[in-house]
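Student: Got a minute to go through this structure with me? I'd like to talk about the sheet and the charged pairs.

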Amino acid sequence: DNKVYTLTPVADPAVSGTATFAKRKNGTTLVTVDLENTQAGQSHPSHIHANTIAQGGSIVINLKNVDGATGLALSQVDSLNNGMPITYEELLNFNGYLNVHTGSTFVVQGDIGANELTGDRKEYTMIPVADPNVQGTATFEKRKKGTTLVTIALEGTQEGASHASHFHANTIAEG
């Protein structure tokens, strides 16, 4: 049994990869991080964190460093950093995300376990209101655990400006 998660680029769009969770006969998990376009001579720490990428969370499982020459790291996982055991099945339902970084710069990351996106998604067009140059989309994506990731992507906003976003009851016309 194994499960493959996609790791998306953060700092460098050329670096991407996967994290494969493979069930071992003893119930533990072999986590293989396999990245493309890393540089020889670099070593990239990798971890599993609590919560989703959007929420952020503390490191709960330290993985082996990714070797820049090969792009690989193989880690045997049988417990959290606090010593609590975790099986393959529990890891596939874990509320977490995986990231790989260099110093304080994230290289790649991906939601895992219960936070995995199912592929069910709906995108809505955002129409300009006060400024005709501001437009964009709101994308809703379902997670394995049943919650929703909402991504607002706007174009035409002013650099450095912050814009609150929230839901209203009713239609736009009703207010």
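Tutor: One term up front: buried means under 20% relative accessible area, exposed means over 50%, and partly exposed lies in between, with a 1.4 Å probe and protein chains only. This is a predicted model, where local features need pLDDT of at least 70, side-chain atom pairs count only at pLDDT 80 or more, and totals for chains, interfaces and linings use all residues. Residues are numbered from 1 along each chain as its sequence is written, and side-chain values use heavy atoms, with hydrogens and water left out.

Student: OK. Is E116 buried or exposed?

Tutor: E116 counts as buried, at 19% relative accessibility.

Student: And what does K3 form with E116?

Tutor: A salt bridge, with the closest N and O atoms 2.8 Å apart. The term means a side-chain nitrogen of Lys or Arg within 4 Å of a carboxyl oxygen of Asp or Glu. The two residues are 113 apart in the chain: K3 is in strand β1 (residues 2-9), E116 in the loop between β8 (105-113) and β9. Strands here are DSSP runs of E, at least two residues, and helices are runs of H or I, at least four, numbered from the N terminus. K3 counts as partly exposed, at 26% relative accessibility.

Student: How many salt bridges does the structure hold?

Tutor: Four. Another one joins the side chains of K23 and E89, at 2.6 Å from N to O. K23 lies in strand β2 (residues 16-23) and E89 in helix α1 (residues 88-92), so this pair ties together parts 66 residues apart in sequence. K23 is partly exposed at 34%, and E89 is partly exposed at 39%.

Student: Which residue does R143 meet in a salt bridge?

Tutor: D111, at 3.0 Å from N to O. R143 lies in strand β10 and D111 in strand β8, so the pair ties together parts 32 residues apart in sequence. Both R143 and D111 are buried.

Student: Switching to the sheet. What is the strand order in the open one?

Tutor: β9-β10-β11, three strands with antiparallel pairing. Two strands pair if DSSP finds at least two bridges between them.

Student: Why is one side of β9 and of β11 left without a neighbour?

Tutor: Because β9 (117-126) and β11 (148-155) stand at the edges of the sheet, each with a single partner strand.

Student: How many bridges between β10 and β11?

Tutor: Eight, with β10 covering residues 135-143. As one example, T137 has A153 in β11 as its bridge partner.
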